[in-house]
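Colleague: I am new to this structure. Please take me closely through one part, and then set its surroundings beside it.

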Amino acid sequence: MNKFAFISGLLTLLLSFFQFIPLGIIFGSTGSMSNWLFTYFGLNNPFMSYYTTISLELMTIGNYQIFLWGILYNGTLYTWLEVHMISFVFLFLFSFIAIITTFIASGKENKLGKRMAILNLIFISVIIGYFLVGIPFYSNIITGIELGYFGIFFYLNFGFYILLLDLILSIISPIKHPMN
Amino acid sequence: MARKSGIIGGIIGFVLALIAEIPIYQNIVISLKIYSFKSTEFYIWGIVLNNGEGFGLLRLIFPENIIALTFWLILIFVSFNSIFASPKKSNPRNSLKLYNLNTLLTSILLIVYTIQIIITNFSNIGATFFNIGIGYYLLALILVLNMMSKNTLKKGE
């Protein structure tokens, strides 16, 4: 098993589908998660709530919070599909494919696994590359705020550092890939 | 066969890193705090004040936020290591290295928290055991489980 690929896949999965990591989880019938479950699924008891969170947003500009799956503006969620098609492809679709490739890479201890690990590295590199170049380029369309190419570094958030860790793991994973 | 003690140690690590309370029956809950001081509860992931308000490790002031984040990441790292080192297929030499690393890192965490507990209870040493939470003992259990896995691995060789 390629453990580096597995952890890389877990991190990409977190960034692609989650808004935050809940910390200090408590189990009970109150809290935002329970309200959400009750509203949409009719489930009311018992489910988890939490004290605090680690946000997975890549960056914050004004009232916009930018994630791999979309943006959050004044508390309303918008997926990239609704906001910006190119970002949908480069950020969400690529990360979705990266998750699949990396989990195949973690399970297959052969040439296919290694190829998948390399493919994962390419996808993660493209995601980071697009985020650093494409988001400042399209920032006026997405958020209405003009961002310089180096301006983005003032707005980075915790999610970006997780993505960097993901990139480091995806660089190591093809090198350390076990071959049977 | 997989070394179960290592896997259990990893799961306990994740529980400590993410969960505050586990309900047992009706109003009976297990609080996973490391220790408490003046009705503030200290967990690996942050703190809970007297009024029930919780603060995550990133909301603390500098440099406490960096230190708390490092401790949290160390625990996550130990948990991953503990699980990954334990399957039957894993390379025994690498597993031994990981168990040694886990033992070292968990010991560092325990020493730091012990110093914190002693300092916060310095004026009333008798209250120390009253203020120590189950989280502290579970951290010690992770250390013991890693040492057990290491011994099992050595015996197997």
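Modeller: Keep in mind throughout that this is a predicted model. Let us take the sheet of chain B, then the loops, then a helix of chain A.

Start with the strands. Chain B has an open sheet of four strands, in the order E3-E4-E5-E6. Their pairing is antiparallel. In general, the strands of a sheet pair through backbone hydrogen bonds, and they do so either parallel or antiparallel.

Which strands stand at the edges of this sheet in chain B? They are E3 and E6 of chain B. Each has a single partner strand, so one side of each has no neighbour in the sheet. On average, neighbouring strands of the sheet are turned by 20 degrees against each other, direction ignored.

Now look at one pair. Strand E5 of chain B covers residues 46-48, and three bridges join it to E6(B). The two run antiparallel. Follow one bridge across: Val48(B) in strand E5 of chain B has Gly54(B) in E6(B) as its bridge partner.

Next, the loops. Between strand E3 (35-37) and strand E4 (40-42) of chain B lies a loop that holds Ser39(B). Ser39(B) is not a glycine, yet its phi is positive, about 55 degrees. Is Ser39(B) buried, partly exposed or exposed? Its relative accessible area is 44%. Buried would need under 20% and exposed over 50%, so Ser39(B) counts as partly exposed.

Move on past strand E6 (54-56) of chain B. The loop between that strand and helix H2 (64-84) contains Pro63(B). A cis peptide bond joins Phe62(B) to Pro63(B), with omega at about 5 degrees.

Chain A has a positive phi as well. Asn74(A), a residue other than glycine, has phi near 50 degrees. Asn74(A) sits in the loop between strand E5 (70-73) and strand E6 (76-79) of chain A.

Last, helix H1 of chain A, residues 3-17. At its start, a side-chain oxygen of Asn2(A) comes to within 3.3 Å of the backbone nitrogen of Phe4(A). How far apart are the end C-alpha atoms of this helix? They are 21 Å apart. At 1.5 Å a residue, its 15 residues should span 21 Å, so the two values agree.

H1(A) has buried residues, among them Ala5(A), Ile7(A), Leu11(A) and Leu15(A). The buried residues pack against helix H4 (85-107), helix H5 (111-142) and helix H6 (158-175) of chain A. They also pack against H2 of chain B. That brings us back to chain B: Pro63(B) lies in the loop that leads to H2.

Methods
Residues numbered from 1 in each chain as written. Chains lettered and ligands numbered in written order. Predicted model: local features only at pLDDT ≥ 70, side-chain atom pairs only at ≥ 80, totals over all residues. Heavy atoms only, no water. Buried < 20%, exposed > 50% of the residue type's maximum accessible area, 1.4 Å probe, protein only. Pairing = 2+ DSSP bridges. Axes fitted to C-alpha atoms, helices over the stretch in contact; angles between N-to-C directions. Expected span 1.5 Å × (residues − 1). Contact = heavy atoms within 4.5 Å. Polar contact = N/O pair within 3.5 Å; in protein donor to acceptor, adjacent residues only side chain to side chain.
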